[in-house]
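This report goes through the strands, the helices and the buried interior of one protein chain. Please keep the sequence and the structure at hand while reading.

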Amino acid sequence: MVASGLPIRNENRHAYELAKMSLKILKSLRRVRIRHRPGSHLQLRIGLHTGPCAAGVVGLKMPRYCLFGDTVLMAHRMESSSEAMKVHMSSSTYELLKAYPDMIIQPRGDIELLGKGVVRTYWLVGATD
């Protein structure tokens, strides 16, 4: 789980920063080989969602910075309904990324999400340099 704009707000740049990071992670994973499976490489699904959340440190023996709320659940739904080596994002993230012409986005269409019903989603395909 990764968040941008916490604890210091960064206006609407959080979507762009996470989109760029996601693409860099996928690019770097193409070089990771699995020793016991020649010809295979590590695969990952990424989900992006934008919205409010609560955050705080939880635990005494082993404190952790945790995120809570519907935004976290929706980001998880984006990841779990994604495909290998793709970035799946919600319409709220798409609305913010439209302001950045270097982001290459394709509509995925409407999908059924548990607890959310039918939602419109998008693929982050890449970025121009």
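## Strand β1 and its partner

Strands β1 and β4 run parallel and are joined by 4 bridges. Within this pairing, R45 stands opposite K86 in β4. The model is a predicted one.

The two faces of β1 are not alike in cover: I46 and L48 lie on the covered face, while R45 and G47 lie on the uncovered one. In general, side chains in a regular strand alternate between the two faces of the sheet.

## The four-stranded sheet

β1 and β4 belong to an open sheet of 4 strands, in the order β1-β4-β6-β5, with mixed pairing. Because β1 and β5 stand at the edges with a single partner strand each, one side of each has no neighbour in the sheet. On average, and ignoring direction, neighbouring strands of this sheet are turned by 30° against each other.

The pairing of β5 with β6 is antiparallel and has 10 bridges. One bridge there links M103 to its partner A127 in β6.

## Helices on the sheet

Helix α1 packs on the sheet and touches β1, β4, β5 and β6. The direction of α1 makes about 65° with that of β6. Helix α2 also packs on the sheet, touching β1, β4, β5 and β6, and its direction makes about 145° with that of β1.

Helix α2 covers residues 70-80, and its buried residues are T71, V72, M74, A75, R77 and M78. The cover over these buried residues includes β1, β3, β4, β5 and β6. As a general point, an α-helix has 3.6 residues a turn, so residues three or four places apart point the same way.

## The nonpolar cores

Which members of the largest nonpolar core touch the most other members? They are A19, L48, V87, M89, L97 and L124, out of 17 residues in that core. The elements that each give two or more residues to this core are α1 (13-29), β1 (45-48), β4 (86-90), α3 (91-97) and β6 (117-127). The largest share, 6 residues, comes from α1. Apart from this core lies another, of 5 residues, including M74, I111, L113 and V119.

L48, on the covered face of β1, is also one of the core residues with the most contacts to other members. Leaving aside neighbours within four places in sequence, L48 is in contact with L18, A19, S22, M78, V87, H88, M89, S90 and T93.

## T93 in helix α3

Is T93, a residue of helix α3, buried or exposed? T93 is buried, since its relative accessible area is 2%, and the cut-off for a buried residue is under 20%. The side chain of T93 makes a polar contact of 2.8 Å with the side chain of T50.

Beyond its neighbours within four places in sequence, T93 is in contact with A15, L48, H49 and T50. T50 thus appears both among these contacts and as the side-chain polar partner of T93.

## The β2-β3 hairpin

Strands β2 (residues 54-58) and β3 (residues 64-68) pair in the antiparallel sense over 5 bridges. A55 has L67 as its bridge partner in β3. The hairpin has 5 residues between the strands, and G59 takes a positive phi near 110°.

V57 is in strand β2. With a relative accessible area of 59%, V57 is exposed, because the cut-off for an exposed residue is over 50%. Leaving aside neighbours within four places in sequence, V57 is in contact with P63, R64 and Y65. V57 and Q43 are 14 residues apart along the chain, and their C-alpha atoms are separated by 31 Å.

## The chain as a whole

The protein chain has 3 helices and 6 strands. From the N terminus on, these elements run α-β-β-β-α-β-α-β-β. The C-alpha trace spans about 45 × 40 × 35 Å along its principal axes.

Of the 129 residues in the chain, 34% are buried. The chain exposes about 8,600 Å², and carbon and sulfur atoms supply 56% of that area. Among contacts between residues at least 6 apart in sequence, 56% join residues at least 24 apart.

Definitions and conventions. Residues numbered from 1 in each chain as written. Predicted model: local features only at pLDDT ≥ 70, side-chain atom pairs only at ≥ 80, totals over all residues. Heavy atoms only, no water. Core = buried A, V, L, I, M, F, W, Y, C linked by side-chain atoms within 4.5 Å. Buried < 20%, exposed > 50% of the residue type's maximum accessible area, 1.4 Å probe, protein only. Contact = heavy atoms within 4.5 Å. Polar contact = N/O pair within 3.5 Å; in protein donor to acceptor, adjacent residues only side chain to side chain. Pairing = 2+ DSSP bridges. Areas by Shrake-Rupley, 256 points an atom, 1.4 Å probe, with all protein chains shown as cover. Axes fitted to C-alpha atoms, helices over the stretch in contact; angles between N-to-C directions.
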